[in-house]
Amino acid sequence: MEAMRPEWLQVPTPSYVIDERLLRRNLEILEGLCRETGVHILLAQKCFSMYHFYPLIGRYLSGTTASGLYEARLGQEEMGKENHVFSPAYKEAEMAELVKICDHLSFNSLAQWRKFGKMAMGAGVSCGLRINPEHSTQDEPIYDPCAPGSRLGARLSELQGHEEELAGLEGLHFHTLCEQGAEPLYETLQAVEEKFGWLLSQVKWVNLGGGHHITKEGYNLELLKKCIRHLQEAYGVVVYLEPGEAVALNAGFLVSEVLEVQPLQPDGVQNIILDTSAACHMPDVLEMPYRPPVLGSGLPREKAYTYRFGGPTCLAGDIIGEYSFDAPLKEGSRVVFGDMAIYSMVKNNTFNGMPLPAIVAVKESGEWETVRSFGYDDFKMRL
């Protein structure tokens, strides 16, 4: 992570700070992949929905992908390019609006295709089916769509004997990765071809879903290109990717302030209470679990002073992690967390009446702009 900026001492805390320069760096990598292979890359709004930057993102990517009606509306209103939607199940009232604003729509099951396919096709929407290749490449069941009992995607056994009903489908969609490289995609693609090659030969497009860490250092871009080109050449399909993290990876920060430094604990660590909560402002810390980087810090006991960061909520487990520093922290010290653009604004909440962090954009010129701030009414309106 970079050095402390003077502005981080001035923004209100807590604040999400998104850096346009770092965002553009990711977008240039993705645009280069599109240019070399012809792949279409979509912004997965479930990861990053800061529409302040949609005009910028739209200059590099093909459009957006949504998990439901509200995200679909946001993509249409704020970017206005390709608008893809997938949901495990749709409501009839929402479907009537979705078919007016989206151009690609993926169903999760044969039953959903039977229920809504004619309506969508009648509106000119290109319809796809999400499949479950039943090939796991990760260890955490909560993030594994191929885990036993998964509700996501149609299995081969569920489609066999119903081949005629699939007429009219123009696409296949599979999403099996989570923060992974190209190697698990290569594995998964082999499983997809083995089980669903007969369908690949019938469709016009294939969506490889998200979870691709394309902009992470060390990612095997050449293998990804090989996968894309193989699908294009073997089946004549348009290939889509819908990463979220790769778009905004390491492009954001969460600036917080120390409220209290507590006495030394028996384990030799001091608890620090921040005005930032894991439970409210960075839920992935508890859900993944995940230890976000902190500017100027080291691992526990690596540096002279080790602290355990916790939030101000009543949840005993509202713990962000342990970090060490060269100099002691004190009340009023600023603590800056990295990689806080993704799955932050889209997942935060007001548990315990916690204020939502302000949203700040840093322009490439260096100018800082508070895009939005939140108050009591934002808390009350949700109740």
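This is a short talk on one cavity, one surface patch and a few salt bridges in the structure above.

Hi everyone, and thanks for coming. Please keep in mind throughout that we are looking at a predicted model.

Let's begin inside the protein. How many cavities of 30 Å³ or more are there? The count comes to one, and its volume is about 40 Å³. If you want to find this cavity on your screen, look for the residues that line it: Thr 65, His 84, Val 85, Phe 86, His 104, Leu 105, Ser 106, His 173, Trp 205, Asn 207 and Glu 242. Three elements each give two or more residues to that lining, namely strand E4 (82-86), strand E5 (104-107) and strand E8 (205-207). Sorted by class, the lining has six polar residues, four nonpolar ones and one charged one.

Now let's move out to the surface. Leu 286, Leu 315 and Phe 351 make up a nonpolar patch there, and together they have about 240 Å² of accessible area. One member, Leu 286, sits in helix H11, which covers residues 284-287. Leu 286 counts as partly exposed because its relative accessibility is 37%, and the partly exposed class runs between 20% and 50%.

On to charges. Side chains of opposite charge can pair when their charged atoms come close. Across the whole structure, the search finds 23 salt bridges, and I'd like to spend a moment on Lys 225.

Which side chains does Lys 225 meet in salt bridges? One is Glu 36, at 2.8 Å from N to O. Lys 225 belongs to helix H8 (residues 221-235) and Glu 36 to helix H1 (residues 20-37), so this pair ties together parts that are 189 residues apart in sequence. The other is Glu 222, at 3.1 Å from N to O. Here the two partners are about one helical turn apart, because they are three residues apart in helix H8.

Is Lys 225 buried or exposed? Lys 225 is buried, with a relative accessible area of 7%. Its partner Glu 36 is partly exposed at 45%, while Glu 222 counts as exposed at 53%.

Let me add one more pair, Lys 363 and Glu 367, whose closest N and O atoms are 3.7 Å apart in their salt bridge. Both residues count as partly exposed, Lys 363 at 30% relative accessibility and Glu 367 at 43%. Elsewhere, Arg 5, Asp 19 and Arg 21 are joined into one network by salt bridges that share partners.

That's my tour, and I'm happy to go back to any of these spots with you.

Conventions: Residues are numbered from 1 along each chain as its sequence is written. This is a predicted model: local features need pLDDT of at least 70, side-chain atom pairs count only at pLDDT 80 or more; totals for chains, interfaces and linings use all residues. Side-chain values use heavy atoms; hydrogens and water are left out. On a 1 Å grid over the protein atoms alone, a cavity is a set of points where a 1.4 Å probe fits but cannot get out, and a pocket is an open set with protein on both sides within 12 Å along at least five of seven lines; lining residues have an atom within 4 Å of a point. Grid points are joined across faces, edges and corners, and a volume is the space filled by probe spheres set on the points. Helices (H or I, at least four residues) and strands (E, at least two) are DSSP runs, numbered from the N terminus. Ala, Val, Leu, Ile, Met, Phe, Trp, Tyr, Cys and Pro count as nonpolar, Asp, Glu, Lys and Arg as charged, and the others, Gly among them, as polar. Patches are made of residues with over 30% relative accessible area and no salt bridge: like charges are joined within 9 Å, nonpolar side chains (Val, Leu, Ile, Met, Phe, Trp, Tyr) within 5 Å. Accessible areas come from the Shrake-Rupley method with a 1.4 Å probe; for residues, only the protein chains shown count as cover. A salt bridge is a side-chain nitrogen of Lys or Arg within 4 Å of a carboxyl oxygen of Asp or Glu. Buried means under 20% relative accessible area, exposed over 50%, partly exposed in between (1.4 Å probe, protein chains only).
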